[in-house]
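Open the model in your viewer and show it as a cartoon. Keep the selection tool at hand.

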Amino acid sequence: MNLDQIVLREIRLALREPFRISSGETGERHILLLQLFDADGATTWSECVAGERPNYSAETIDTAWLALRDWFASRLLGRGDLEPTTAGALLAKDVRGHRMARAALEMGVWALASLRAGRPLSSLLGGTRKGIEVGISLGIQPSPEALAERAARALGEGYRRIKLKIEPGADIEYVRAVRTSLGAGAPLMVDANNAYTLADAERLQQLDELRLLMVEQPLEYEDLLRHAELQRRLQTPICLDESITTAARAEDMIALGAGRIINIKPGRVGGFAESLRIHDLCAQHAVPVWCGGMLESGVGRAYNVALAALPNFTMPGDISPSRRYWARDIVTPEWTMRDGIIAVPQAPGIGVEVDVDYVDHLTIRTEILRAGRP
Ligand code: NPG
């Protein structure tokens with residue numbers, strides 16, 4: 001394929017309810033969207049998962065914009081031999097970091113390839129599922145009672161797994177209130193987004209009695225060694241998210257015993273090719289994976305749904321329907337869930353239409369990148 005134009009856009013989209021994690025709150029998302037045009041007329045959209053502030057990773061929407069415009073777009077534009085399987089390596093060569101920026105472009109190339117091949121994106125990736133199990137991620141709430149009430153509502157709505165965000169001061173008591181209210185069988189997990197240190201090990205051990213599916217990323221994002229020490233002291237499996245940026249890091253996790261489950265976010269690891277490597281490595285080691293979320297619009301969600309159709313995505317992902325996040329999503333049809341399942345699109349490309357008029361209305365910045373221009 002020959003990519004001949006990329007349009008960058010920044011849109012603003014308000015969340016229906018603010019989302020609070022241990023490192024900050026998001027009320028309105030600024031989302032970087034890419035529109036990719038192939039020389040033969042195929043076009044698709046992709047999304048960069050970077051946030052406004054560097055409180056999840058070092059990348060932000062502004063660093064991603066700069067990286068795409070100044071470094072990455074020219075590596076793919078105008079070359080006649082572009083393939084989805086090699087786009088990631090072209091973008092990674094001699095580059096440190098900027099994985100979210102690279103992923104937005106790389107995944108867009110996969111969607112273009114899916115259109116050109118007339119095959120669903122999920123099957124191009126090797127996905128086999130027709131539906132994926134949906135989990136919900138609940139932000140930190142003002143009180144244990146408020147969290148228990150919110151979690152009960154989610155269970156009633158059919159979600160197959162409930163993730164509770166925790167931080168020191170909003171942890172054991174909060175999770176216990178949910179466990180007591182929902183009962184022993186409710187599929188619960190927690191996510192700390194790096195909020196603890198090994199000095200908190202005894203406190204975290206109290207989670208064991210709450211019979212959680214996993215505790216996600218309790219310690220610092222670059223720290224596998226201390227996660228391994230903590231895992232030795234916990235019965236609850238540790239799941240790593242922020243720490244796993246490459247397949248090599250996943251290998252380290254497995255070798256060190258730093259965790260037993262991985263949350264794969266394609267945006268975090270530089271795109272689909274690296275996600276597939278992590279998926280396959282984990283499958284070989286009987287390490288389950290699930291697909292994380294970054295409060296994506298319906299465009300980014302399409303990519304997560306396609307990836308989650310792969311066989312080793314055996315646990316429900318953070319891939320809720322559009323209504324969980326937005327009063328009105330930017331795609332039609334919006335993503336919906338039935339009995340806790342989102343259907344995997346069987347059409348080529350991202351499987352949903354982008355509402356371009358609505359996107360125009362939400363756009364606050366645009367830039368067009370073409371072949372031959374640095
Ligand atoms: O459903 O998209 C979703 C949200 C899932 O909890 C979620 N994401 O740490 O995984 C995370 C968290 C997050 C969201 C992190 C936004 C950073 C920004």
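This tour goes from the whole chain to two of its helices.

**Whole chain.** Start with everything selected. This is a predicted model. The chain holds 13 helices and 15 strands. Turn it around: the C-alpha trace spans about 60 × 40 × 35 Å along its principal axes. A compact globule of 374 residues would have a radius of gyration near 21 Å, and the chain has 20 Å, which agrees. Colour by burial next. Of the 374 residues, 58% count as buried. Among contacts with a separation of 6 or more, 73% link residues 24 or more positions apart.

**Helix α1.** Now select residues 61–76. Where does α1 bend? Look at Leu 68: the helix bends there by about 50°. Show side chains. The buried ones belong to Ile 61, Ala 64, Trp 65, Ala 67, Leu 68, Phe 72, Ala 73 and Leu 76. So Leu 68 is both the site of the bend and a buried residue. In an α-helix, residues three or four places apart point the same way.

What do the buried residues of α1 pack against? Add these to your selection: the strands β1 (3–21), β2 (24–38), β3 (43–48) and β15 (363–370), and the helices α2 (84–92) and α3 (99–117). Then step just past α1 to Gly 78, which takes a positive phi of about 75°.

**Helix α3.** Select 99–117, one of the partners of α1. From first C-alpha to last, α3 reaches 26 Å, close to the 27 Å expected. Is α3 mostly covered or mostly open? Mostly covered: 15 of its 19 residues are buried. Finish at Gly 118, which follows α3 and has a positive phi near 65°.

Notes
Residues are numbered from 1 along each chain as its sequence is written. This is a predicted model: local features need pLDDT of at least 70, side-chain atom pairs count only at pLDDT 80 or more; totals for chains, interfaces and linings use all residues. Side-chain values use heavy atoms; hydrogens and water are left out. The bend at a residue is the angle between axes fitted to the seven residues ending there and the seven starting there. Helices (H or I, at least four residues) and strands (E, at least two) are DSSP runs, numbered from the N terminus. Buried means under 20% relative accessible area, exposed over 50%, partly exposed in between (1.4 Å probe, protein chains only). Contact means heavy atoms within 4.5 Å. The expected span of a helix is 1.5 Å times one less than its number of residues. The radius of gyration is taken over C-alpha atoms; the globule rule is 2.2 Å times the number of residues to the power 0.38.
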